[in-house]
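User: Could you take a close look at one part of this structure for me, the sheet and what packs on it, and then walk me over to the ligand site? A connected account would suit me better than a list.

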Amino acid sequence: MSYVEQVLANLKKNNPNEPEFHQAATEILTTLAPVVEAHPEYEKAGLLERFVEPERVIMFRVPWVDDSGKVRVNKGYRVQFNSAIGPYKGGLRFHPSVNLSIIKFLGLEQILKNSLTGLPIGGGKGGSDFDPKGKSDREVMAFCQSFMTELYRHIGPDTDVPAGDIGVGGREIGFLFGQYKRIRDEHVGVLTGRGLSYGGSLVRTEATGYGLVYITEEALKVRGDSFKGKTVVISGSGNVAIYACQKAQSLGAKVVALYDSNGYIYDAEGIKLDVVKDIKEVKRGRIKEYAERVKGAKYVEGCKGIWTIPCDIALPCATQNEIDKQSAEILVKNGVKYVAEGANMPSTLEAIEVFQKNGVVFLPAKAANAGGVATSALEMAQSSGRMFWSFEEVDAKLKNIMVNIYHNIENAAKDYGYEGNYVMGANIAGFIKVADAMMAHGVV
Ligand code: NDP
């Protein structure tokens, strides 16, 4: 059994019932085989065993009182996975599906993603099985305050800097920050994605979606192509999906579909984003309303059907494992040329194989959605320097980072003999820097 196979087998044995963590670890470790073969010293140093074991896992009770006066209890998590190249950094996800396996898969991915940005940030992730959907603002505040009342002792601007993710947007970050400041009596950059009035950065809201489109634009550009006139399908209708849609449209693409967890909308004329923003950002409503408000648009119950819509470019921006083998085959049959992942691990391992075998340009999440965390790191830089950069300045830095990521992963894939395989390229390029730092630190 090779070193990689051994580490994977042990990981599965020692972390049972964590299918998402196994999936992410399998995707990453199997692609690292050529690097590990080139560096026999890694095995002696137990580097991969340490790489897949979080430095610290924090799990805690989050009690809060709902509007009827009833006490509710949720689970809270923070996985501080790897701090070799910088303080832990990664979002908080509030969604009923959250469990340790999901937080660990996200944390492991985050290590390599953060490394790819070229900025000094380690990997972490956290969250809760709390569902903000349908809760009043007061209930969300009560939950966030209780969550932070435990989390505050584990985080800090030089230790661990959480941000948003599914179910955690500006409102939640505001409540979390307010409670941290109240307990610690410190106004510091301990969370990113903050409001502009209290230390946030311009472009952070747009960053993941914009970044996704910037890296896809670069992939198109090196092939003598562009977004202009392309038909695009985007899943989700949250933060990442909305700003991916906005940037793609501004580059001349026609985005024809979006979804939420109930169903998808199809608008052959092109999605009217102002209507979507009003429904999702202002009213916190359901995407179904779009079809009631826009003539000619249709709504279909259930999400999976979105991948049967013919498109040139697919941007999955909702959640993990939303594209399975069957959906990937339909996308290919319908002529998709580019798939770039805005969400984390939206394609199953089998779906990725289908894309790669059929010559689809496939940009994996850790590269394609790194714009969010990269801009979070720019927010951290502004906080420490007590500076505030203009929209144009941050946007230009973001674009530059995404273009660099594209070329880094392309070159890494080429250097190891896997030209065009961006999964290999992203894992290898992200890993090398972390591995170097871990080797330099000794056995820690
Ligand atoms: P939001 O909460 O803003 O939006 C999530 C969207 O996905 C909503 O439309 C939601 O629908 C839908 N969704 C969530 N879970 C499911 C599900 N199980 N099935 C179908 N649809 C679902 O989250 P974000 O836009 O911030 O995050 C989306 C993805 O992007 C996640 O994978 C996240 O990890 C990733 N990401 C986000 C970053 C960021 O900066 N925000 C950075 C990097 C990655 P509904 O409203 O019905 O729940």
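**The sheet, its helix and the ligand site**

Analyst: Happy to. Helix 6 (residues 100-116) lies across strand 1, strand 2, strand 3 (88-94) and strand 4, and its direction makes an angle of about 150 degrees with strand 4. Please keep in mind that this is a predicted model.

The sheet itself is open and has five strands in the order 1-2-4-3-5, with mixed pairing. Its edges are strand 1 (56-65) and strand 5 (160-163), each of which pairs on one side only. On average, neighbouring strands here are turned by 20 degrees against each other, direction ignored. As a general reminder, the strands of a sheet pair through backbone hydrogen bonds, in either a parallel or an antiparallel way. Inside this sheet, strand 2 (residues 71-82) and strand 4 (residues 122-128) run antiparallel and are joined by six bridges. To pick out one pair, Val-79 has Lys-125 in strand 4 as its bridge partner.

Now to the ligand. It is surrounded by 25 residues, and the closest are Asp-165, Thr-208, Ser-261, Arg-286 and Asn-344. By character, this shell divides into six nonpolar, twelve polar and seven charged residues. Several polar pairs involve oxygen atoms of the ligand. Asp-165 places a polar side-chain atom 2.6 Å from a ligand oxygen. For Asn-344, an N or O atom of the side chain is 2.8 Å from an oxygen atom of the ligand. Ser-237 takes part through its backbone instead: a polar atom there is 2.9 Å from a ligand oxygen. On its own the ligand has 890 Å² of accessible area, and the protein covers 85% of that. The elements giving two or more residues to the shell are helix 9 (204-221) and helix 10 (239-250).

Two loop residues deserve a glance at their backbone angles. In general, most residues other than glycine have a negative phi. Arg-284, in the loop between helix 11 (273-282) and helix 12 (288-293), has a positive phi near 50 degrees. Asn-321 also has a positive phi, near 55 degrees, and is found in the loop between strand 10 (313-316) and helix 13 (325-333).

Terms used: Residues are numbered from 1 along each chain as its sequence is written. This is a predicted model: local features need pLDDT of at least 70, side-chain atom pairs count only at pLDDT 80 or more; totals for chains, interfaces and linings use all residues. Side-chain values use heavy atoms; hydrogens and water are left out. A residue is near a molecule or strand if one of its heavy atoms lies within 4 Å of it. A polar contact is a pair of N or O atoms within 3.5 Å; within protein, one must be able to donate a hydrogen and the other to accept it, and residues adjacent in sequence count only if both atoms are side-chain atoms. Accessible areas come from the Shrake-Rupley method with a 1.4 Å probe; for residues, only the protein chains shown count as cover. Helices (H or I, at least four residues) and strands (E, at least two) are DSSP runs, numbered from the N terminus. Ala, Val, Leu, Ile, Met, Phe, Trp, Tyr, Cys and Pro count as nonpolar, Asp, Glu, Lys and Arg as charged, and the others, Gly among them, as polar. Two strands pair if DSSP finds at least two bridges between them. Axes are lines fitted to C-alpha atoms, for helices over the stretch in contact, and angles run from 0 to 180 degrees between N-to-C directions. Contact means heavy atoms within 4.5 Å.
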